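Student: Please show me the sequence and the structure. I would like to go through the side-chain contacts with you.

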Amino acid sequence: MIDISEIRQAFKQRLGESGIIPAGSTEYENRDFEPTGKAFWVRENYTPAFENRVTSQGDNLGGVFSYTVFTPIGTADTLAVSKGVAIGNLWQTSEVIETANYKTSIVSTSCGFQGTFDDVWYQYKVDIQIRAFEK
């Protein structure tokens with residue numbers, strides 16, 4: 001079984017080092033986060049699609065890292081889009097990211113949603129589809 005936390009750490013590191021999102025402005029699954037007073041913030045989620053044995057050498061998996069940028073409605077909708085596009089540009093299609101135990105290929109990047117679900121936040125979602133293999 002592939003340890004998604006090792007792969008996820010490489011993605012977190014690249015986003016953190018990019019300077020696109022200020023420190024303390026990223027919400028992660030199963031962690032407390034308070035967005036009140038922030039000009040914008042981002043939520044990271046990972047959705048698994050499959051995991052199986054591909055060869056006698058190891059497993060592979062597929063999934064999607066989603067980054068949703070939030071800005072207050074009516075103040076900076078274009079900021080959400082520009083930050084989302086910048087996040088999407090951190091990973092290029094067919095790029096391979098190597099960690100200690102895995103090679104992860106970027107299958108595609110896309111805008112998953114743009115708009116509002118409530119009266120407070122405008123959202124721009126970027127999906128990074130991946131496929132990872134054990135080394």
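## Side-chain contacts

Student: Is Asp-59 buried or exposed?

Tutor: This is a predicted model. The cut-off for buried is under 20% relative accessible area. Asp-59 has 12%, so the residue counts as buried.

Student: Which residue meets Asp-59 in a salt bridge?

Tutor: The N to O distance is 3.3 Å. The partner has a relative accessible area of 52%, so it is exposed. That partner is Arg-53.

Student: How many salt bridges are there?

Tutor: A side-chain nitrogen of Lys or Arg must lie within 4 Å of a carboxyl oxygen of Asp or Glu. Asp-127 and Lys-125 meet at 4.0 Å, N to O. Asp-127 is buried at 16%, while Lys-125 is partly exposed at 27%. The count of salt bridges comes to seven.

Student: Which residues do salt bridges that share partners join into one network?

Tutor: One bridge in the model pairs Glu-44 with Arg-8 at 2.6 Å, N to O. Glu-44 is buried at 0%, and Arg-8 is buried at 15%. The network joins Arg-8, Glu-29 and Glu-44.

Student: How many residues apart are Glu-44 and Arg-8?

Tutor: Glu-44 lies in strand S2. Arg-8 lies in helix H1. The pair links distant parts of the chain, and the separation is 36 residues.

Student: Which residues in H1 are buried?

Tutor: H1 has 15 residues and reaches 21 Å from its first C-alpha to its last, close to the 21 Å expected. An α-helix has 3.6 residues a turn, so residues three or four places apart point the same way. The buried residues of H1 are Glu-6, Ile-7, Arg-8, Ala-10, Phe-11 and Leu-15.

Student: Which residue takes a positive phi just after H1?

Tutor: Helix H1 covers residues 4–18. Just after H1, the phi is about 80°. The residue is Gly-19.

Student: How many aromatic pairs are there, and why is the pair of Phe-11 and Trp-91 stacked?

Tutor: The count comes to nine aromatic pairs. The ring centres of Phe-11 and Trp-91 are 5.1 Å apart. Planes under 30 degrees apart count as stacked. The planes here are at 25°, so the pair is stacked.

Student: Which parts of the chain does the pair of Phe-11 and Trp-91 tie together?

Tutor: Phe-11 is buried at 0%, and Trp-91 is buried at 1%. They are 80 residues apart in sequence. The pair ties together helix H1 and the loop between helix H2 (77–88) and strand S4 (96–98).

Student: What is the angle between the planes of Tyr-46 and Phe-65?

Tutor: Tyr-46 is buried at 12%, and Phe-65 is buried at 0%. Tyr-46 sits in strand S2 (residues 41–55) and Phe-65 in strand S3 (residues 58–72), 19 residues apart. Their rings are 4.9 Å centre to centre. The pair is tilted, at 50°.

Student: Which residues form one aromatic cluster?

Tutor: Phe-11 and Trp-91 belong to the cluster. So do Tyr-46 and Phe-65. The full cluster is Phe-11, Tyr-46, Phe-65, Tyr-67 and Trp-91.

Student: Over which ring does the charged end of Lys-12 sit?

Tutor: A charge sits over a ring if NZ of Lys is within 6 Å of the ring centre and within 35 degrees of the ring normal. The charged end of Lys-12 is 4.3 Å from the centre. The ring belongs to Tyr-28.

Notes
Residues are numbered from 1 along each chain as its sequence is written. This is a predicted model: local features need pLDDT of at least 70, side-chain atom pairs count only at pLDDT 80 or more; totals for chains, interfaces and linings use all residues. Side-chain values use heavy atoms; hydrogens and water are left out. Rings of Phe, Tyr and Trp (its six-membered ring) pair if their centres lie within 6.5 Å; planes under 30 degrees apart count as stacked, over 60 as edge-to-face and the rest as tilted. Helices (H or I, at least four residues) and strands (E, at least two) are DSSP runs, numbered from the N terminus. Buried means under 20% relative accessible area, exposed over 50%, partly exposed in between (1.4 Å probe, protein chains only). The expected span of a helix is 1.5 Å times one less than its number of residues.
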